[in-house]
Amino acid sequence: MDWKAGFLMSAKMGKFAGWESVAANISGPQESPLFPQGYLDAGQIDALKALAASLRNHGAVLADEVGMGKTRIAVALALAVNRSGGRVALVVPPVVAPQWRDEIAKAGERSKDILRSFDGLMREYETDYAARMDDALVILSHRFGDLRVQTSGIRWRANLLKLIVRNVDKKIRKGCQLAHCRMPGVELAAKEILERAKRCQLTKTSVEAIVQEFRDIDNRSELDDFQSDRFENYSTELKLLERTLGLALGPFDLVIIDEAHKSRSERGKLSALLDSILFPSGKTCRRLGLTATPVELDVWQWKSILKRVSMPNRTWMSIEPAVLKFREAAEAVRRRWRTDEATHHRYKAAAAKFQEDLAAWVVRRDKRRDETIMLFDKHAPIGMSYRREHPIEVHAGNLSPGWRRIVFAAEALSVIGQAAADTTAARARLTISNGHGVAGIIDKLAKRQAGDGRHEDEEADRQQIEEDGAEEGVEASAEHTAEQYGVHKRKQRADWWKNALTASFVDSTESLFEHPVLSAVVDEIENYTRSGEKVLVFGRFTRPMRVLTDLLNARALLRAVRDGTPWPQEKTSDDDQGVLRAAAKQLELEYDRKRVDDILTASYKVFEAQRQTLRNHILALIESGATGQSTLLQAIASDENLSEIVTPLARAAEPLVREEASGAKVSREAVVEALTQVFDALRERGEGGAQDEELDGISARALWAKLRERLIEEYNSPRASFARMLYGKTLPSTRRLVQLAFNRSASEPHVLIAQSMVGREGLNLHESCRIVILLHLEWNPGVVEQQIGRVDRKNSYWSRLLKEAIDAGSQDLPRIEVRPVIFRGTYDEHHWSVLSQRWDEQRSQLHGLIAYGEDRENLNEEESRLLQSLEEKSPDFWPKPPVQS
């Protein structure tokens, strides 16, 4: 079916038929199904029907646990609304937009790329005129509402509002002067809004309201001064422009908010998008919030999530007492469930009332009823969880003399205080365990000793404190007062401890190779990889993450040289010598660069010979592409330097055909599928709107030119990739390629080290991994759940291992391994204590788990029955199957 004739254009077919029609589309027999058979499982279908029922009356929250398939349920609902003539806005974090488009494609539909900004929409008006206004499904970024009009250089964005006002009321002059910088898209958008107002009463009413409120603005003439601060955040002028921008998108009947727990502030950009920009089609417009963690730190956060889906304040006030009573009852029973019978009764009553009050608004499928979890519980000892939290511990008493001096010096500096020791040194006690703080301190002090006057970046320091969630250990004012007495002596003591801190190390990079936490993590990772497991590591600070990545690769390289196994690298680089020497020392190997390079060169020839089969297949496939191939492959075949790109293509495709590539024959189908996935991963936004077979020759060549550049950049040089690191500056295309490779059990990387803000959303890493190491602890248990959710998903590697173990009659059942890294005796231990407490509270409030970990293991029969009876009364928002008539 041509996509322009499909659901994406169905908004042109007529007005929204209403929520009864949506429910009928979901439940009734259909000649043309909404989505392919098998797209949703039975539980997801029940959730979809429950949401349709709730949305008849008001908004709703879909709060399924991570990995339960919320996206597919939401896509199915969107298609049902489209079929009823309604329009849907999907509001998503940009990083997950490709995942949404993929799920829409699997449902048999297509979608345009995400709209990220005001400017992006105006550019589309220039090229496609009012195309988005007619689309039945529009994907918007969470940040779409960030207009930033107060800056004089981009005040032209205000022209959209001014053009509307000038055309509706030609008497208004003050405040309507247009910026000299004109964007044709803005003028076209204003023209279309006014045309719509002539034939749409809803648009006409909204335009008239905007113009009237513009008339009432005080000192309108200041709007003509492009150096003024008018249009600042939260101003009346900005709110009017936001509403005008909403008219340029057109009205919506359903707004789906992915990660709805984010940016909870009522004055944030996401709230501005939802409350000011998005234009509701009328009283039947609904909001659906998607979140696995509606409650992150406190059950009170239900308020913000429910108000985000338009719960009236009077409704919240009526259920607020039940929310507060449940919070108190859950905390009491969690602490005293073994001994206090009165808390049992209070908990059961509070849980029942809490469930009754929220049931109409919330659908939540937790993993208590997931088939795989139930299978585990059936065969596992009573009380055992399918997740195993097992800390990687480092004990101060086991440190080397050099590292013991560092810990003592850091503690001493924190006691002396920041005025004498400087902020970085004083905070060492708080950051010593993660490898970030100590690296910065040693680096700073060593460079000062060498005469380098460079100062640490204060902005980076501030951001680290925010990430840590830690406050400075000493208040500046009190410290300054204390410094008036004995300042010279205090500074002398601080200087002595600073020298002690750097005495054992030449520079910060070398010091981190021996960091006791990183050493312990390396040992654990290699224990897993030796047994064929892949490992996902989450960190926050890029420097220790990079050192860990380099160290793992260096150790893997040296083992390959020692054992005579192929390694995809011809020789070592100058930059690698420090980490190679450190790795050789750890492995108790003699390191001679020339000898290692000679062995690598000989080994690399063997490695390349093994890869030659795949190169030959790719070359033959491309060269035969003049007939019967996609236009993209034909464009590649016409590449003037074909020989230059065959090797990078083979390196990119190899992880995706590794199982077949080991043999003499690689099927043509496998190569085509691998190249298709590589090309899809290399595409950026705006480059994937059409399928390859629908590209004309010119478009295919233009696309290939872009993909070629990224392919060469990523794969032109062989690299060690036993471990790979993803962080904020990693290109999206690289992230997608690494995700593809990590999900193949036989291919590299075997270890993926991801910065939390990059890896915890939008990357599904569950197909070959069940091990998660938390290198740098978070403060928010909701974030940790998102991290673990990368591997704890439907159809995961762990679920396959579990079924294999049960089929084999094994008593040793595999579990998802969660390995927080804790440096005992440092601030890390306090951090873990706070996170654990918050995590337990979240489990009791969201998952119905009154006891967790050691507290629910090794129970006697009476305790097991009591715990089960209590947890069975926990709030349960699992959708009820429809009543059979």
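**Close-up 1. Contacts of Ser141 in the predicted model****.** Setting aside neighbours within four places in sequence, Ser141 touches Val91, Val92, Pro94, Ile114, Leu115, Arg116 and Leu273. Ser141 belongs to strand E3. Its relative accessibility is 2%, under the 20% limit, so Ser141 counts as buried. Leu270 sits 129 residues away from Ser141 along the chain, yet their C-alpha atoms are 8.9 Å apart.

**Close-up 2. The open sheet that contains E3****.** Six strands line up in the order E3-E2-E5-E7-E1-E8, with parallel pairing. The edges are taken by E3 (137–141) and E8 (362–363). Each of these has a single partner strand, so one side of each lacks a neighbour in the sheet. E2 (residues 88–92) runs parallel to E3, and five bridges join the two. Within this pairing, Leu90 has Ile139 of E3 as its bridge partner. Two helices pack here. Helix H4 (residues 97–106) lies across E2, E3, E5 (254–257) and E7 (286–290), at about 140° to E2. Helix H11 (residues 269–277) touches E2, E3, E5 and E7, and its direction makes about 175° with that of E2.

**Close-up 3. Crossing of helices H5 and H8****.** H5 (residues 118–128) packs on H8 (residues 184–199) at an angle of about 80°, with axes 7 Å apart. H5 is therefore roughly perpendicular to H8. From H5, the contact uses Phe118, Met122, Tyr125 and Glu126. From H8, Pro184, Gly185, Val186, Leu188, Ala189 and Glu192 take part. By class, the contact holds seven nonpolar, one polar and two charged residues.

**Close-up 4. Crossing of helices H7 and H10****.** The axes of H7 (residues 159–168) and H10 (residues 236–249) are 9 Å apart and meet at an angle of about 80°. The two helices are therefore roughly perpendicular. H7 contributes Leu160, Leu161 and Ile164 to the contact. H10 contributes Glu237, Leu240, Leu241, Thr244 and Leu245. Six of these residues are nonpolar, one is polar and one is charged.

**Close-up 5. The two faces of strand E10****.** In a regular strand, side chains alternate between the two faces of the sheet. E10 (residues 392–395) shows such alternation. Ile392 and Val394 point to one face and are buried. Glu393 and His395 point to the other face and are not buried. E10 pairs with strand E15 (residues 816–824) in the parallel sense, over four bridges. Opposite Ile392 stands Val821 of E15.

**Close-up 6. The buried residues of helix H37****.** In H37 (residues 797–807), the buried residues are Tyr797, Trp798, Ser799, Leu801, Leu802, Ala805 and Ile806. They pack against helix H15 (371–379), strand E14 (769–774) and E15. Just after H37, Gly809 adopts a positive phi of about 75°.

**Close-up 7. Helix H38, from end to end****.** H38 covers residues 827–847, 21 residues in total. At 1.5 Å a residue, its expected span is 30 Å. The end C-alpha atoms are 29 Å apart, which agrees. Of the 21 residues, 15 are buried, so H38 is largely enclosed by the rest of the structure. Gly848, just after H38, has a positive phi of about 70°.

Methods. Residues numbered from 1 in each chain as written. Heavy atoms only, no water. Expected span 1.5 Å × (residues − 1). Buried < 20%, exposed > 50% of the residue type's maximum accessible area, 1.4 Å probe, protein only. Pairing = 2+ DSSP bridges. Contact = heavy atoms within 4.5 Å. Axes fitted to C-alpha atoms, helices over the stretch in contact; angles between N-to-C directions. Parallel < 35°, antiparallel > 145°, perpendicular 65-115°, else oblique. Nonpolar A, V, L, I, M, F, W, Y, C, P; charged D, E, K, R; others polar.
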